[in-house]
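These are my notebook entries on a structure that I am reading for the first time. I set down each item as I looked it up.

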Amino acid sequence: QHATNKRAWRWDSGNISMGEPSYEKFMHRVYYSGSGSTSVSYSLDKGSSYTGPITSPALVPQGTSGSKSIKIKATGTGTDSLDNLGITYRRKAK
């Protein structure tokens, strides 16, 4: 398909709990790579509001310790792409 005919897109992840939904975690960074002007933001613990657009790697603020999940939203135009996405975290010690 020709680039001028492609539509803008949006991708929303589900709640990502890294297989441990009941454990609190320290979210550290959000990494992504893509082409064009892809915009990526995140929300912690099933929140409905997302951060503003982030640059990779984005450091998650330290005040967010003890989160159980993270959601990612990515948007772009027809010529943009999101190639990969990564999140670094560790479990909170009890």
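Entry 1, M18. I began with M18, which I located in the loop between strand 1 and strand 2. The model is predicted, and I kept that in mind when I read the backbone angle at this position. M18 has a positive phi of about 55°, although it is not a glycine. I noted beside this that most residues other than glycine have a negative phi. I then looked up the exposure of M18: with a relative accessibility of 23%, it counts as partly exposed, because the partly exposed class lies between the 20% and 50% limits.

Entry 2, confidence. I next asked how far the coordinates could be trusted. The chain has an average pLDDT of 82, and 88% of the residues score at least 70. Which strand has the lowest confidence in the chain, and which the highest? Strand 4 (residues 58–59) is lowest, at a mean of 74, and strand 1 is highest, at 92. I added a reminder that where pLDDT is low, the predicted coordinates should not be read in detail.

Entry 3, the sheet with strand 5. I traced an open sheet of three strands, in the order 1-5-3, with antiparallel pairing. Strand 1 and strand 3 stand at its edges, each with a single partner strand, so each has one side without a neighbour in the sheet. On average, neighbouring strands of this sheet are turned by 15° against each other, direction ignored. I then followed the individual pairings. Strand 1 is joined to strand 5 by four bridges, and D12 stands opposite K73 in strand 5. Strand 3 is joined to strand 5 (residues 70–76) by six bridges, and here I found S43 opposite K71.

Entry 4, the sheet with strand 2. I traced another open sheet of three strands, in the order 4-2-6, also with antiparallel pairing. Strand 4 and strand 6 (81–91) are the edge strands here; each has a single partner strand, so one side of each lacks a neighbour in the sheet. Strand 2 and strand 6 pair over 10 bridges in the antiparallel sense. Within that pairing, I marked Y31 opposite G86 in strand 6.

Entry 5, the core. I asked how many residues the largest nonpolar core has. It has 12, among them M27, V40, L44, I54, V60 and I72. The elements that give two or more residues to this core are strand 2 (25–35), strand 3 and strand 5. I checked strand 3 (residues 39–44) for burial: five of its six residues are buried, so this strand is largely enclosed by the rest of the structure.

Entry 6, S67. Is S67 buried or exposed? S67 counts as buried, at 4% relative accessibility, because the limit for burial is under 20%. I found S67 in the loop between strand 4 and strand 5. Leaving out residues up to four places away in sequence, S67 touches Y23, E24, K25, M27, L44 and D45.

Entry 7, R7. I closed with R7, in the segment before strand 1 (9–12). R7 is exposed, at a relative accessible area of 73%. Beyond its neighbours within four places in sequence, I found R7 in contact with T77 and G78. I also noted that R7 and T79 are 72 residues apart in sequence, whereas their C-alpha atoms are 8.5 Å apart in space.

Note on methods:
Residues numbered from 1 in each chain as written. Predicted model: local features only at pLDDT ≥ 70, side-chain atom pairs only at ≥ 80, totals over all residues. Heavy atoms only, no water. Buried < 20%, exposed > 50% of the residue type's maximum accessible area, 1.4 Å probe, protein only. Contact = heavy atoms within 4.5 Å. Pairing = 2+ DSSP bridges. Core = buried A, V, L, I, M, F, W, Y, C linked by side-chain atoms within 4.5 Å. pLDDT = per-residue confidence, 0-100. Axes fitted to C-alpha atoms, helices over the stretch in contact; angles between N-to-C directions.
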